[in-house]
Amino acid sequence: MSGGYSVYVGNAPFQSTEQEIGDFFSQKGNVTNVRIVYDRETGRPRGFAFVEYSDEQSAQRAVNELNGADFNGRQLRVNLANNRS
């Protein structure tokens, strides 16, 4: 089990990199990991990612303040993820 607090990021632009997403979400706290989910068959991004924070307050702040935010022309959906890592 990881010690981080994950948020689910939906509707992410397909061309976004983990670095760009991490930079955007780091305005709300200390980002420890970013993972874009890829389609197994095509290798293309599926349009969502998980961002992990070192503390629960940062994760909650990201959900409260970045849900619905514009990121590279797309409106993000941000929710707390179930921590099952």
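## Meet L76 and its surroundings

Leaving out residues up to four places away in sequence, L76 touches V9, G10, N11, A12, F24, F25, L66, N67, G68, A69 and F71. Keep in mind as you explore that this is a predicted model. Below, we start from L76, then visit the aromatic rings and finish with the nonpolar core.

**L76 in its loop**

- You can find L76 in the loop between β5 (74–75) and β6 (77–80).
- Is L76 buried or exposed? Its relative accessibility is 1%, and because buried means under 20%, L76 counts as buried.
- Along the sequence, L76 and Y8 are 68 residues apart, while in space their C-alpha atoms are 9.8 Å apart.
- Two aromatic residues, F24 and F25, are among the contacts of L76, and both F24 and F25 are buried.

**Aromatic rings**

- How many aromatic pairs are there? The count comes to five.
- One of them joins Y8 and F50, with 5.8 Å from centre to centre and 65° between the planes, an edge-to-face arrangement.
- This pair links distant parts of the chain: Y8 belongs to strand β1 (residues 5–10) and F50 to strand β3 (residues 45–53), 42 residues apart.
- Why does Y8 count as partly exposed? Its relative accessible area is 22%, and partly exposed covers the range between the 20% limit for buried and the 50% limit for exposed.
- F50, at a relative accessible area of 23%, is partly exposed for the matching reason: its value also falls in that range.
- F24 and F25 make another edge-to-face pair, with centres 5.7 Å apart and 75° between the planes.
- Y8 and F50 also belong to one aromatic cluster together with F48.

**The largest nonpolar core**

- Which residues of the largest nonpolar core touch the most other members? Among its 18 residues, they are V7, I21, F25 and V51.
- Several elements contribute to this core: β1, α1 (18–25), β2 (31–38), β3 and α2 (56–66) each supply at least two residues.
- The largest share, four residues, comes from α2.
- I21 is in contact with S16, V34, I36, A49, V51 and F71, leaving aside neighbours within four places in sequence.
- F71 appears among the contacts of I21 and also among those of L76.
- F25 is a useful residue to look up in the structure: F25 pairs with F24, touches L76 and is one of the core residues that touch the most other members.

Methods
Residues numbered from 1 in each chain as written. Predicted model: local features only at pLDDT ≥ 70, side-chain atom pairs only at ≥ 80, totals over all residues. Heavy atoms only, no water. Phe/Tyr/Trp six-rings, centres within 6.5 Å; stacked < 30°, edge-to-face > 60°. Buried < 20%, exposed > 50% of the residue type's maximum accessible area, 1.4 Å probe, protein only. Contact = heavy atoms within 4.5 Å. Core = buried A, V, L, I, M, F, W, Y, C linked by side-chain atoms within 4.5 Å.
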